[in-house]
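Me: I would like to go through this entry term by term. For each label, tell me what rule stands behind it.

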Amino acid sequence: MNAVRYVLVTSVIAIAAAAMSCDPVHSDAITALGGEAPGVGTGPEHRGGQPCLLCHDGSLGSPAQFSIAGTVYEMPAPEPATPALGVTVTFTNINDKKTFTATTNQAGNFYVTPSQWAPSYPITVSVSRNNTAACMTTHVGREGSCAGCHVEPVGPASPGRVVLAPVPVDGGACSQ
Amino acid sequence: MNARLTLIVVALGAIMIGGACSTPADSRAIATPPDAASFGHVAQALVRHCGSLDCHGTTKRNLRLYGNEGLRLAADASPSIGVPTTDAEVSEDYLSVIGLEPEILSAVVAEGGARPERLTFVRKARGTESHKGDAPLREGDETDVCITSWLAGKTDVARCDLGARQ
């Protein structure tokens, strides 16, 4: 009986593992991210500018799942980009106008877990610090990783990385 | 006699080769196309609700929408520069929409816009068919009326323009 149970459990685990590894597109996307940056271990400050939810989708990492996450930089140029610390990232649901905020760490990273907030899309996003703010002029339809769209270089399919543009705004806020 | 036979064989051969090498009919042509002239208003509403970079504002979707809410057509353009949707982008959006289900679209248009839910893109937009982007439209709302009026050949420009601003 124990042998049967062992075989059964082992088989279920093997099938589950096989199923998880059966998405070559996803696997290739993760592989393409490369390894950790030298001197930066896994944690809240790693992999700035990368699409966080590619891995933090419920299967990897601690916390395993983000609902929304990204990296904010000070300026669009020059390279290397300078992470923006202490930026308030405000998410606003277009329909009910409910908001949620997160704050960037010294790597410019922020993340929100589903237990903290599970966004109902579409949402708009703004970043602000003191009297400076930058607002998305379009909305997010479903992508939880900022870097799912905000990648370098700027081009027809990307506005470039998320930056706290040095444009003074009254009250440090955007009109959504 | 032999010369005539040779001539006929050569002519038949040329016709067969010509047929094999001819360009196929324009696959984008559909029997009863929806109005292209008023589509700019429809496109702007679609771009607003469906065309963000993480949804249909991407070359990775069959329904590919170019416009000022996301993907740009010009190689030197960017989503961040705030340029309004261009005529060229509207033309590409039109081709994308009519190319999704040309036969069904043609039937819907030919029947005065009857039962637009026959179209997958209408069902997905309303959320009555599985859609990763949930239901960006509701039946009867501004953009839904914009689309269905366009399919009926009576584009409600005012509703389209409202939909594009919501």
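Me: What makes β5(A) and β6(A) a pair, and in which sense do they run?

Reply: Strands here are DSSP runs of E with at least two residues, helices are runs of H or I with at least four, and both are numbered from the N terminus. Two strands pair if DSSP finds at least two bridges between them. β5(A) and β6(A) have four bridges and pair in the antiparallel sense, so the rule is met. One position to look at is A:S128, which stands opposite A:A133 in β6(A). The two strands form a hairpin with two residues between them, and A:N130 in the turn has a positive phi of about 55 degrees.

Me: What kind of model is this, and how are residues and chains labelled?

Reply: It is a predicted model, in which local features need pLDDT of at least 70 and side-chain atom pairs count only at pLDDT 80 or more, while totals for chains, interfaces and linings use all residues. Residues are numbered from 1 along each chain as its sequence is written, chains are lettered from A and ligands numbered from 1 in the order in which they are written, and side-chain values use heavy atoms, with hydrogens and water left out.

Me: How many bridges join β2 to β5 of chain A?

Reply: Six bridges join β2 (residues 88-93) to β5 (residues 123-129) of chain A, and the strands run antiparallel. A:T90 stands opposite A:S126 in β5(A).

Me: Why are β3 and β6 of chain A placed at the edges of the sheet?

Reply: The open sheet has four strands in the order β3-β2-β5-β6 (chain A), with antiparallel pairing. β3 (99-103) and β6 (132-135) of chain A each have a single partner strand, so one side of each is left without a neighbour in the sheet.

Me: Why is the pair A:E36 and A:R47 called a salt bridge?

Reply: The term requires a side-chain nitrogen of Lys or Arg within 4 Å of a carboxyl oxygen of Asp or Glu. The closest N and O atoms of A:E36 and A:R47 are 3.2 Å apart, so the pair qualifies. Both residues lie in the loop between α2 (24-32) and β1 (68-71) of chain A, so the pair ties together parts that are eleven residues apart in sequence. Over all chains the count comes to nine salt bridges, and between chain A and chain B it is zero.

Me: How many residues of chain A are in contact with chain B?

Reply: With contact meaning heavy atoms within 4.5 Å, 14 residues of chain A are in contact with 20 residues of chain B.
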